[in-house]
Every structure is written in C-alpha cells, then in structure tokens.
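Grab a pencil and work through these exercises with the structure open beside you. Try each task yourself before you read its solution.

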Amino acid sequence: MNANILKLKQQNAIAYNRKLRSQLRNLHEMLGDEITDLVTGELGDPDTFFTEAQKVIKTLSELTANLSVLLLKVKESKKELSAEEERDYHMIEELTDALGNLQYEIHMLIKHMQQSQKIKTFTAESLRVIDKIVETQEKFRAVRAQINNFGYMSKNPEIAALFSDKEAS
Amino acid sequence: MNKNRLLIIEDEPPIANAFKKQLTMLGGFSVDIANGGNEGLEKLKKGTYDLVLLDIVMPDIDGIDVLRAIQADKKTYKDVPVMMLTNVTAIEAKKEVEKLGVKGFVVKTSIRPDELIERVKEVIA
C-alpha cells in the first residue's frame with residue numbers, strides 16, 4: 001500500500017479507509033440517481049415503483065451491510081479510537097441507521113402494496129418513504145461534508161491523488 | 001466450552017459472517033446461519049436453538065413475519081427466544097417487534113462485541 005495512504009490511515013482508520021470511501025461513493029451516486037428517481041418518477045406509478053423499489057432495497061441492503069462490516073472491523077482492529085475516529089464512526093453509524101430505516105420504510109410500502117390495492121394506503125405511506133429518503137440524504141450530506149474536511153474525497157488535489165483509482169493498494 | 005446454540009437469520013452474508021465470528025470466537029457459541037426468513041423457519045423446525053438473532057428487512061419473508069410465525073406455532077418452533085439484530089431503529093418497527101415478544105433489540109453498528117455476548121448470555125440464562 002502507498003506509504004502516504006498508510007500514514008493517513010494510522011491517523012484516522014475511518015476517514016482514510018479506501019473501501020469505506022468506495023462504499024460512500026456508491027451511496028452518493030445512488031442517492032443522486034436511483035433513489036431520487038424513485039421519488040420523482042416511479043412513486044406515481046405503483047407497478048413501476050414496486051419493481052424499482054425492490055432493486056433499490058437490494059442495493060441499499062448490500063451497501064449498508066458493507067458499511068456496517070467495515071465499521072465493525074475498525075472497532076475490532078483498534079482497542080481505542082481517537083477522538084476524530086470516534087466522531088467519524090458515529091457519523092457513519094447514524095448514516096447506516098438512516099439507511100436501515102429507509103430500507104424498512106420502502107420494504108413496508110412494498111409489503112402493503114402486495115397486501116392491498118388501496119391507492120389511499122399507497123399514497124399515505126409513500127409520504128413516509130419520501131421523508132426517510134430526505135433524512136438519509138441529509139445524513140449523507142453531513143458525512144460528505146466531514147469527509148471533505150478530512151480530504152479523502154478531497155478538493156485538495158494532492159490528497160485526492162493519493163486515493164485515486166490509479167493507486168494500487 | 002459454551003454449548004449454547006444460536007441461529008442468525010440474516011440475508012446479507014458479510015453481516016451474518018461477521019457476527020458469527022464474534023459469537024463463536026469471543027462467546028464460544030455454536031452458531032448457524034440462515035440467509036432468509038424461510039430458511040430460518042426451516043432450520044428452527046429441524047433443529048433446536050437457544051436463541052435466534054433476527055434481521056428485519058429480508059427479501060423473502062421479513063423478520064416481523066418470521067416472529068409472527070414463531071409466536072403462532074410455539075410447539076413447532078419450540079418457543080425459541082428471539083433478539084432482533086438490525087439496522088432499523090425506527091420506533092414503529094421497535095414497537096411492532098416488542099408486541100411480538102422479542103427479548104432484545106440490538107443495532108448492528110452500535111453494539112460492541114463484548115456487549116453483544118453479554119446481551120446474548122442474559123437472554124439465554
């Protein structure tokens with residue numbers, strides 16, 4: 001592994017974790033594309049929503065699982081986290097909670113759609129899904145702001161270059 | 001050696017494997033994994049477990065329906081105690097599973113390994 005990346009990871013095993021960064025990038029794209037489409041487009045059409053929502057849940061589930069496992073591994077590998085690491089840990093923990101709750105709301109909406117064809121039920125519950133999507137996006141923005149402060153999705157070209165995809169681990 | 005047998009019902013293999021590792025290596029438990037609600041219920045019919053660790057959102061049948069099935073047929077499922085192991089923290093979900101008699105509610109990323117072992121031992125005791 002690049003010696004500079006190793007040094008940064010020793011400072012903060014969460015902020016400079018390449019795998020974590022990659023998962024957050026995937027989530028960023030998803031929050032911008034599939035989930036927003038779900039709200040702005042498919043929510044008006046139950047049939048399309050049902051199909052797309054199931055794909056979204058599957059992807060969210062994998063992303064959340066990967067983030068959770070990465071956090072678990074960080075805690076296992078270090079007896080004590082620094083103050084910075086604790087802060088980042090809790091921020092990402094809140095994000096995984098938001099993702100878990102978003103999955104739950106979409107899942108419950110699909111479940112009720114399967115059990116009932118009542119549009120009234122769909123409309124009322126779809127509003128809860130929208131609330132959870134907004135909440136998740138807000139949590140992600142908070143994580144992204146923190147990430148930029150530590151520079152690993154950085155506007156600082158030198159630090160960004162360290163974590164570019166061309167760097168071999 | 002701890003002879004207690006646990007069943008993790010969780011559809012994401014990385015999560016299931018991570019918790020199995022903690023529970024076996026740190027707690028000395030014997031741990032099986034089911035990758036979904038239906039598989040979990042099948043394992044419960046065929047085997048005997050001291051505790052189930054159950055996720056909520058799963059693609060085939062979700063954790064809430066697994067709980068309902070266990071509650072509805074205590075003889076078949078041996079009235080096995082259940083602890084939720086989930087990323088869902090929504091109050092509505094907690095209330096729903098509490099009504100169905102869960103013995104605990106653990107958030108996956110919040111719990112330390114030693115705390116998890118302790119919580120499991122408390123329920124089994």
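**Exercise 1: Where the chains meet**

The contact between the two chains takes 26 residues from chain A and 27 residues from chain B. Keep in mind that this is a predicted model.

*Task.* Work out how much area is buried between chain A and chain B, and what share carbon and sulfur atoms give.

*Solution.* Start with the area: about 2,000 Å² is buried between chain A and chain B. Next, the share: carbon and sulfur atoms give 54% of that area.

**Exercise 2: Chain A's side of the contact**

*Task.* Find which elements of chain A give two or more residues to the side that touches chain B, and sort the residues of that side by character.

*Solution.* First, count the polar links: 11 residue pairs are in polar contact between chain A and chain B, with both residues at pLDDT 80 or more. Now look at the elements on chain A's side: α4 (46–77) and α5 (83–115) of chain A each give two or more residues. Of the elements there, α4(A) gives the most, with 13 residues. Finally, sort the residues on this side of chain A: eight are nonpolar, nine polar and nine charged.

**Exercise 3: A salt bridge across the contact**

*Task.* How many salt bridges are there between chain A and chain B? Pick out the one that involves E12(B) and say where its two ends sit.

*Solution.* Over all chains the count comes to 18 salt bridges. The pair we want crosses between chains: E12(B) lies in the loop between β1 and α1 of chain B, and K58(A) lies in helix α4 of chain A. To check the pair, use the cut-off of 4 Å between nitrogen and carboxyl oxygen. The side chains of E12(B) and K58(A) are 3.8 Å apart, N to O, so they pass as a salt bridge. As for the count between chain A and chain B, that is three salt bridges.

**Exercise 4: The sheet in chain B**

*Task.* Put the strands of the chain B sheet in order, say whether the pairing is parallel or antiparallel, and find the helix that packs on the sheet.

*Solution.* Begin with the order: five strands form an open sheet, β2-β1-β3-β4-β5 (chain B), and the pairing is parallel. At the edges are β2 (30–34) and β5 (104–107) of chain B, each pairing on one side only. From one strand to the next, the twist averages 20°. Zoom in on one pair: β1 (residues 5–9) and β3 (residues 51–54) of chain B run parallel over four bridges. Here L6(B) stands opposite L51(B) in β3(B). Last step, the helix: α1 (residues 13–25) of chain B packs on the sheet and touches β1, β2, β3 and β4 (82–86) of chain B. The direction of α1 makes about 170° with that of β2(B).

Note on methods:
Residues are numbered from 1 along each chain as its sequence is written. Chains are lettered from A and ligands numbered from 1 in the order in which they are written. This is a predicted model: local features need pLDDT of at least 70, side-chain atom pairs count only at pLDDT 80 or more; totals for chains, interfaces and linings use all residues. Side-chain values use heavy atoms; hydrogens and water are left out. Two strands pair if DSSP finds at least two bridges between them. Axes are lines fitted to C-alpha atoms, for helices over the stretch in contact, and angles run from 0 to 180 degrees between N-to-C directions. Contact means heavy atoms within 4.5 Å. Buried area is the accessible area (1.4 Å probe) that two parts lose on being put together, summed over both. A polar contact is a pair of N or O atoms within 3.5 Å; within protein, one must be able to donate a hydrogen and the other to accept it, and residues adjacent in sequence count only if both atoms are side-chain atoms. Ala, Val, Leu, Ile, Met, Phe, Trp, Tyr, Cys and Pro count as nonpolar, Asp, Glu, Lys and Arg as charged, and the others, Gly among them, as polar.
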